Amino acid sequence: MKGHIIKYARDNIDTDVIIPGQYLKVHDYAELATHAMEGLDPDFHSKVKDGDFILSGKNFGCGSSREHAPIALSHSGIKAVLALSFARIFYRNAVDGAFLLPIEIGEDAYNAISEGDEVNIDIGKNEIKNITKNQTYKMKPFSEIIGKIIEAGGLFNYKPD
Amino acid sequence: MNIVEKILARASGRDSVAPDDVIFANVDKAMVHDVSGPGVIKVFDKLKKQGIDVSKLWDPSKVWVAEDHFVPSAEKVSAENIVKLSNFTKNYGIQKHFKYGMGQYGICHTLSHEEALVLPGEVYVGGDSHTNTTGALGAFACGLGHTDVAYVLLYGKIWFKVPETIYFKLNGKLPEHVMAKDFILKIIGDIGTDGGNYKTMQFGGSGVDVMSVESRLTLCNMTTEAGAKNGIVEPDQKVVDYLTSRGATNISLIKGDENAEYSQIIEYEGSEMEPLVAKPFSPENIAVVRDAPSVDLDKSYIGSCTGAKYEDLEAAAKILKGRKVKIRTEVLPASISIYKRAMENGLLTIFLDAGVTIGPPTCGACCGAHMGVLAKDEICISTTNRNFPGRMGHVDSQTYLSSPLVAAASAVTGKITDPRDLP
C-alpha cells in the first residue's frame with residue numbers, strides 16, 4: 001500500500017481536534033470528511049489526497065469514543081495512520097469498522113519520515129519503505145486478533161475460531 | 001484473579017483469564033445515546049446492504065437509550081437524530097428510553113447509577129467513552145464505538161483483550177476541601193493521558209472505602225482521560241444500599257481474590273491531597289490551585305457526568321450560599337432526579353440567589369455541543385472532564401478542569417480560587 005505522508009509532529013492528537021464535538025450530530029460520512037482535523041489543521045481538507053497516510057506521535061486519537069474520528073479521516077482519503085502509539089478506542093474503531101490501518105511505528109520511522117514523503121506499507125513483512133528517502137523501517141506487528149479482523153475486512157466479517 | 005479478571009472469566013465462560021488473553025465476553029447491558037444511537041443506525045444500514053440480518057436485537061430488555069448530548073434539541077439536525085432514536089427504540093422494542101420532556105432523563109452515565117441500570121459484576125458497554133464511570137458500581141464498564149456497539153446489539157457479545165490492572169490505593173480520607181475530582185486529576189497528572197491506555201484502573205484503600213458512591217463515580221469517570229479501558233472499585237455495602245434504594249434487587253458482591261495480581265500498585269496519602277486544576281489543553285496539565293495562573297475567568301460551568309451529580313451540586317451550593325457570582329455561571333444538573341432533589345433541598349434557590357443560570361440536564365457545552373459554548377479567547381473553569389483545544393467551543397477558548405468546590409469558589413472571585421481562600 002503506497003501513499004504520501006501528512007505529518008503532525010506532536011503527541012496526543014485527540015478526537016476533539018480530529019473531528020470537533022459540534023459535528024457529532026452529523027452522520028453523513030462525506031460531510032464529516034470536510035471537517036476532519038479542523039481543530040488542528042484547517043487546511044487538511046484541501047490538501048489531503050486519496051491514499052494519503054498521517055504520521056504522528058504518541059497516543060493518537062485519545063479522548064472520545066466517537067467513531068466519527070476514523071470515519072472523517074477515512075472518508076477524506078486517509079488509508080493509514082502511522083503513530084508511535086494509539087489510544088485504545090480510536091485503534092479498535094479503526095480496525096473493527098475497517099476504516100483505516102493504525103500502524104504502530106518506532107522512533108526511527110517517526111523521526112526519519114518527512115511531510116510529503118512517499119512510503120510503502122507492507123503489513124505482510126511488517127515493513128515501511130520510504131521511497132522518497134530510500135530507507136526501510138520496521139512497524140510493530142498487529143496482534144493476532146487485530147490481524148485477523150483486518151484480514152476479514154472488519155469485525156462483522158470476522159468469524160471467531 | 002482480580003475483580004476485572006473474575007468478571008471477564010465469568011462473561012466468557014472460562015474458569016480463569018489473565019492479562020492479554022483475547023476473549024469474547026457476553027454482555028449484560030448496553031447503552032446508546034443521541035450521538036452513538038444514530039451512529040449505530042448508520043452501521044445497521046450498511047450491514048443491511050451487505051445482506052446481514054439486522055431485523056432484531058439480541059435482547060432489547062438489556063439495552064437502554066439516553067438522550068443527552070444535543071438535548072433539548074439544539075437545532076434541526078439534532079431534532080432529527082432524536083426522531084431517529086425514537087423510531088429505533090420503537091422498532092426494536094427497547095423499553096428503557098429516557099426521553100427529555102417525559103420525566104426522568106439525563107446524561108447516560110448518570111442514569112446508569114441513578115436508575116440502577118447496571119449492577120456489580122456485570123459487563124456493561126456503552127457507545128460513549130465515559131462509560132467507564134459506571135465501574136464505580138463494581139461492573140466492568142467500557143466505552144466502544146458505533147461498529148462495536150452495533151455488534152453487541154445484534155449478537156450480545158464483543159471481543160476484549162483482558163487488561164492488566166493498575167491499583168491506585170488511597171490511604172486515609174481526603175481533606176474536606178478536596179474532592180474525588182482532585183484525586184483523579186492528581187493521578188492523571190502523574191501517569192499522563194496515556195498512562196492507563198488499554199488497562200484497568202482500580203481504586204481502593206481506606207480513602208476510597210470511606211468515599212460515597214458518587215465520589216467513586218467521579219474517579220472512574222476520568223479513567224477515560226488516562227486512556228484506560230475501564231475504571232473499577234470493588235463493590236461494598238454502600239453500593240448495595242445505593243442501588244437498592246433505587247429499586248435494584250438480586251445484587252451480588254464480587255471481589256478480587258486475596259492474592260489477586262496487579263501490574264502496578266500506586267499509593268497516595270489522603271492527607272497530602274490538595275485542590276487542583278488541569279490547565280489548558282490537556283487533563284494531565286495539572287497545577288495546584290494556589291499556584292495556578294492568575295487569569296481572568298469568563299465563565300464557571302458546573303455540569304456533565306463528571307461534575308453535576310447531586311453531591312457535586314451540594315458542594316457548589318455550600319460555597320455559593322450567601323455569595324454572588326462575579327462571572328457567568330451555569331449549573332446543569334446531570335439528571336432530572338438530581339434536579340428534583342436539588343430543588344427539594346433548596347440548592348436551586350441558593351444558585352439562583354447567587355446569580356447562577358440553571359440549565360436542563362444535557363452534555364451541553366462540555367463537548368462544545370450547545371448551551372453555553374465558549375467564544376474565541378474566553379476562559380472557563382469547569383467541572384467537566386476534557387480541555388482539549390476547542391473542546392467547549394472555539395478552538396481558541398480555554399478550559400481549566402476542577403472540582404465543583406473550586407469551580408464555585410472561582411465563580412465568586414472571577415479567578416482560579418482555592419475554596420479555603422474565599423473571604
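Reader: What does A:I103 touch in this model, leaving aside residues up to four places away in sequence?

Author: In this predicted model, A:I103 touches A:A80, A:V81, A:L82, A:A83, A:F86, A:I121, A:I123, A:I128, A:M139 and A:F142. Contact here requires heavy atoms within 4.5 Å.

Reader: What makes A:I103 stand out in the largest nonpolar core?

Author: That core has 98 residues, and A:I103 is among those that touch the most other members, together with A:F44, A:F60, A:L73, A:L82, A:I128 and B:F44. A second, separate core of 49 residues includes B:L313, B:L348, B:A407 and B:L422.

Reader: Why is α5(A) called largely enclosed?

Author: A residue counts as buried under 20% relative accessible area. In α5(A), 9 of the 9 residues are buried, and therefore the helix is largely enclosed by the rest of the structure. The residues concerned are A:R88, A:I89, A:F90, A:Y91, A:R92, A:N93, A:A94, A:V95 and A:D96. After α5(A) comes A:A98, with a positive phi near 55°.

Reader: Why is A:K140 called partly exposed?

Author: The class lies between the buried limit of 20% and the exposed limit of 50%. A:K140 has 49% relative accessibility, so it counts as partly exposed. A:K140 belongs to the loop between β7 (135–138) and α7 of chain A. From A:L84 it is separated by 56 residues in sequence and by 9.6 Å in space, C-alpha to C-alpha.

Reader: How do you know that A:R92 and B:D148 form a salt bridge?

Author: The rule asks for a side-chain nitrogen of Lys or Arg within 4 Å of a carboxyl oxygen of Asp or Glu. For A:R92 and B:D148 the closest N and O atoms are 2.7 Å apart, so the pair satisfies that limit. Across the interface of chain A and chain B, the rule finds 3 salt bridges. Residue pairs in polar contact between the two chains number 18, both residues being at pLDDT 80 or more.

Reader: Which element gives the largest share of the side of chain A that touches chain B?

Author: The largest share, 6 residues, comes from α5(A). By class, this side of chain A has 16 nonpolar, 13 polar and 10 charged residues.

Reader: What area is buried between chain A and chain B, and how many residues does the contact take from each chain?

Author: The buried area is about 3600 Å², with carbon and sulfur atoms giving 58%. The contact takes 39 residues from chain A and 50 residues from chain B. A:K25, A:R88 and A:F156 supply 23% of the area that chain A buries against chain B, more than any other three residues.

Methods. Residues numbered from 1 in each chain as written. Chains lettered and ligands numbered in written order. Predicted model: local features only at pLDDT ≥ 70, side-chain atom pairs only at ≥ 80, totals over all residues. Heavy atoms only, no water. Core = buried A, V, L, I, M, F, W, Y, C linked by side-chain atoms within 4.5 Å. Buried < 20%, exposed > 50% of the residue type's maximum accessible area, 1.4 Å probe, protein only. Buried area = accessible area lost by both parts, 1.4 Å probe. Polar contact = N/O pair within 3.5 Å; in protein donor to acceptor, adjacent residues only side chain to side chain. Helix = DSSP H or I, 4+ residues; strand = E, 2+ residues; numbered from the N terminus. Nonpolar A, V, L, I, M, F, W, Y, C, P; charged D, E, K, R; others polar.
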